[in-house]
Amino acid sequence: MSTGAPRVGAVVLTMNDRPGEFPRAMESLLAQEGVELDVVVVGNGCVPAQVPAGVRTVALAENAGIPEGRNIGARSVEGELLFFFDNDAVLPAADVLVRLAGALLREPGLVYVQPRIADPGTGITVRRWVPRLRAGDPERPGVVTVMAEGVVMIRRDAFDAAGGWPGHFFLFHEGVDLAWRLWDRGGAGRYLPDVVVHHPATDPARHDRFHRLNGRNRVWLARRNLPAPLIPLNLTAFVLLTLWRSRDRAALRAAAAGFREGLRGGHGRRAPMSWRTVTRLTRAGRPPIV
């Protein structure tokens, strides 16, 4: 029976490789108050273990990648809102979801909201978790044009209309891809730094395939979503930033290999955003070339 509370479908992925963090994540999720919560745990290439009683599971025979695993999870839960939650994160208060849902539902033009993600030990919010270019002050709220996809709440109708996550990306840049498509349908995102979620500040480069997939998916992102004149500008910016940030020759070779792979194709259906969306994104603080 409906209580009138926001209905939230929560999706958690697991590979059974975080036996310490996963139970804490689930405990904090199930402790949320003020929402009707429907939770599914998707085993990406495994049968989920350590799942609390009463929580549904989906076991995938092979690792489908993070974005496709989340798509599968989204189809398995009910709710007007979707909450995607990394399995090593923790909701430190019982009102995190109801506060996110309230902010999202109060403003019809919003289609996604992101809390501030902070390392539980240091309290630091690393730059990549702040979804804007000027990330020096992680406690400044505002409209944002991208998202940190590991902890984000999205309106289901907008998510479905945008086609969900780009499943074939496997890992990296899927949040930018989805955010751009949400914006192209007239939506917007908001960063809510007063709502805090804990997440260890791990380095994404710890993944063996980071540099290759990062390079490949950046090309796919541009080729799928941008008007043709902006594609070379976007990719040139990526190359220059990569050369500026990295001095590791092996990493640069892997990024170059991924870049070439992306240029060969595989990006999927091309649906370039309108120039109106380009203008909206630019006015919101992040033109889609950086």
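Let me begin with a definition: rings of Phe, Tyr and Trp, the last taken by its six-membered ring, pair if their centres lie within 6.5 Å. The model before us is predicted, and a search of the whole structure finds 7 aromatic pairs in it.

Consider one of them. The ring centres of Phe 83 and Phe 85 are 5.5 Å apart and the planes meet at 25°; since planes under 30 degrees apart count as stacked, this pair is therefore stacked. Both residues are buried.

A second pair joins Phe 84 and Trp 165. Here the centres are 5.2 Å apart with 85° between the planes, an edge-to-face arrangement. This pair links distant parts of the chain: Phe 84 belongs to strand 4, while Trp 165 lies in the loop between helix 4 and helix 5, 81 residues apart. Is each ring buried or exposed? Phe 84 is buried, at a relative accessible area of 0%, and Trp 165 also counts as buried because its relative accessibility is 2%. Ring pairs further connect Phe 84, Phe 159 and Trp 165 into a cluster. In addition, Arg 70 lies over the face of Trp 165, 5.7 Å from the ring centre.

Let us now turn to the surroundings. The largest nonpolar core has 76 residues, and Phe 83 and Phe 85 are among those with the most contacts inside it. In soluble globular proteins, nonpolar side chains tend to be buried together.

Finally, the sheet. Its 8 strands form an open sheet in the order 3-2-1-4-7-5-8-6, with mixed pairing. The edge strands are strand 3 and strand 6, each of which pairs on one side only. Helix 2 lies across strands 1, 2, 3 and 4, running at about 140° to strand 1.

How values were computed: Residues numbered from 1 in each chain as written. Predicted model: local features only at pLDDT ≥ 70, side-chain atom pairs only at ≥ 80, totals over all residues. Heavy atoms only, no water. Core = buried A, V, L, I, M, F, W, Y, C linked by side-chain atoms within 4.5 Å. Buried < 20%, exposed > 50% of the residue type's maximum accessible area, 1.4 Å probe, protein only. Pairing = 2+ DSSP bridges. Helix = DSSP H or I, 4+ residues; strand = E, 2+ residues; numbered from the N terminus. Contact = heavy atoms within 4.5 Å. Axes fitted to C-alpha atoms, helices over the stretch in contact; angles between N-to-C directions. Phe/Tyr/Trp six-rings, centres within 6.5 Å; stacked < 30°, edge-to-face > 60°. Lys NZ or Arg CZ within 6 Å of the ring centre and 35° of its normal.
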